[in-house]
Amino acid sequence: MLTPLEWDALRVSLIVGARATVIALPLAVFLAWLLATKRFPGKSFLDAVVHAPMVLPPVVVGYLLLLFLGLRSPVGGFLFEHFGIRLAFTSGGASLASGLMALPLMVRAVRLSIAAIDPGLDVAARSLGATPFDRFWNITLPLAAPGIVAAAIIGFAASLGEFGAIITFAANVPGETQTLPLAIYAALQQPDGDLAALRLCGISIALAIAGLAGAEYFTQRQRAWIDGDTRTFDAAR
């Protein structure tokens, strides 16, 4: 049985991960579409910035967030003074940090899915008078749905496992910002914390496996649905 503190860590992890996914997924879809389909000056620089969290130490990302959004920073101080918004050392800040770390993984998953779409479909829709929004909504999003779902699952799983950025920007506050990795770290600092750490590790592994299995199942169902629609369209034609 889990202790109340361990239940809190699980609850905080799920909340932080879900919020991070909701925040990052729309941005990931937009960036993936932009990088996969458009040409513009500075594209390589934008691509490098988007993927920088993959190669930067998570502590660096958390520290940069602290410098930019801390209460003593110009932006963080302005948000707190005028709108009462405080991100540093809060659950919202933990979601922001983990979402930023998961963003490159989400962008890559969606970008590969969009890049696999036949460009002829967009050309045909354009020739029939479809607007850019119509083409994006009726062609790109449905066909990229498996990649988008995979991105959501990957982002959620990555958020559950984030440590460095969260502890640097949001600290390790039980019941507020202490996620499963931070709770495992705290348990390992206790003389008798081995069993607690083992229980929390088991929960983390179970959540990761369940998430990946769910993503694979949904992806297979989505591909079958797309293939069925394609065969129906071909038969009608």
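The following paragraphs describe the nonpolar cores, salt bridges, aromatic pairs, surface patch and backbone features of a predicted model.

The interior is considered to begin with. The largest nonpolar core comprises 21 residues, and those with the most contacts inside it are L25, M106, V107, V110 and I148. Helices α1, α5 and α8 (145-161) are the elements that give two or more residues to this core. The surroundings of M106 illustrate how these parts come together: when neighbours within four places in sequence are left aside, M106 is in contact with T21, A24, L25, A28, A151, A152 and G155. Apart from this core lies another, of 14 residues, which includes V16, M101, F169 and L182. In soluble globular proteins, nonpolar side chains tend to be buried together. A charged residue is also found among the buried positions, since E6, in helix α1, has a relative accessibility of 7% and falls under the 20% limit for a buried residue. Beyond its neighbours within four places in sequence, E6 is in contact with M1, A196, R199 and L200.

Five salt bridges are present in the structure. One of them joins the side chains of R11 and D8, with an N to O distance of 3.6 Å; the two residues are three positions apart in helix α1 (residues 4-37) and are therefore separated by about one helical turn. Both partners are partly exposed, R11 at 38% relative accessibility and D8 at 28%. A salt bridge with an N to O distance of 3.0 Å is formed by the side chains of R111 and D47. Because R111 belongs to helix α5 (residues 91-115) and D47 to helix α2 (residues 43-55), this pair ties together parts that are 64 residues apart in sequence. R111 is partly exposed at 24% relative accessibility, and D47 is likewise partly exposed at 24%.

The side chains of D122 and R126 also meet in a salt bridge, for which the N to O distance is 2.9 Å. These residues lie four positions apart in helix α6 (residues 119-127), so that about one helical turn separates them. D122 has a relative accessible area of 23% and is partly exposed, while R126, at 49% relative accessibility, is also classed as partly exposed. The pair is part of a wider arrangement, in that D122, R126 and R135 are linked in a network of salt bridges.

A search of the whole structure finds five aromatic pairs. The pair formed by F30 and W33 is tilted, with 6.2 Å from centre to centre and 35 degrees between the planes. F30 and W33 both lie in helix α1, where a spacing of three residues corresponds to about one turn of the helix. F30 is partly exposed at 43% relative accessibility, and W33 is partly exposed at 23%. The rings of F78 and F83, by comparison, have centres 6.0 Å apart and planes at 70 degrees, so this pair is edge-to-face. F78 counts as partly exposed at 41% relative accessibility, whereas F83 counts as exposed at 56%. F30 and W33 are further joined with F136 in one aromatic cluster.

At the surface, a nonpolar patch of about 780 Å² is made by M54, V55, L56, V60, Y63, L64, L67, L105 and I154. Helices α2 and α3 (58-69) are the elements that give two or more residues to this patch, and the largest share, four residues, comes from α3. Among the patch residues, V55 lies in helix α2 and, with a relative accessibility of 71%, counts as exposed.

Finally, positive phi values occur at residues other than glycine. Phi of F89 is near 65 degrees, although F89 is not a glycine; this residue is placed in the loop between α4 (74-83) and α5 and is partly exposed at 42% relative accessibility. A171, which is not a glycine either, has a positive phi of about 70 degrees and lies in the loop between α9 (164-169) and α10 (180-188).

How values were computed
Residues are numbered from 1 along each chain as its sequence is written. This is a predicted model: local features need pLDDT of at least 70, side-chain atom pairs count only at pLDDT 80 or more; totals for chains, interfaces and linings use all residues. Side-chain values use heavy atoms; hydrogens and water are left out. A salt bridge is a side-chain nitrogen of Lys or Arg within 4 Å of a carboxyl oxygen of Asp or Glu. Buried means under 20% relative accessible area, exposed over 50%, partly exposed in between (1.4 Å probe, protein chains only). Patches are made of residues with over 30% relative accessible area and no salt bridge: like charges are joined within 9 Å, nonpolar side chains (Val, Leu, Ile, Met, Phe, Trp, Tyr) within 5 Å. Accessible areas come from the Shrake-Rupley method with a 1.4 Å probe; for residues, only the protein chains shown count as cover. Contact means heavy atoms within 4.5 Å. A nonpolar core is a set of buried Ala, Val, Leu, Ile, Met, Phe, Trp, Tyr and Cys residues joined through side-chain atoms within 4.5 Å. Rings of Phe, Tyr and Trp (its six-membered ring) pair if their centres lie within 6.5 Å; planes under 30 degrees apart count as stacked, over 60 as edge-to-face and the rest as tilted.
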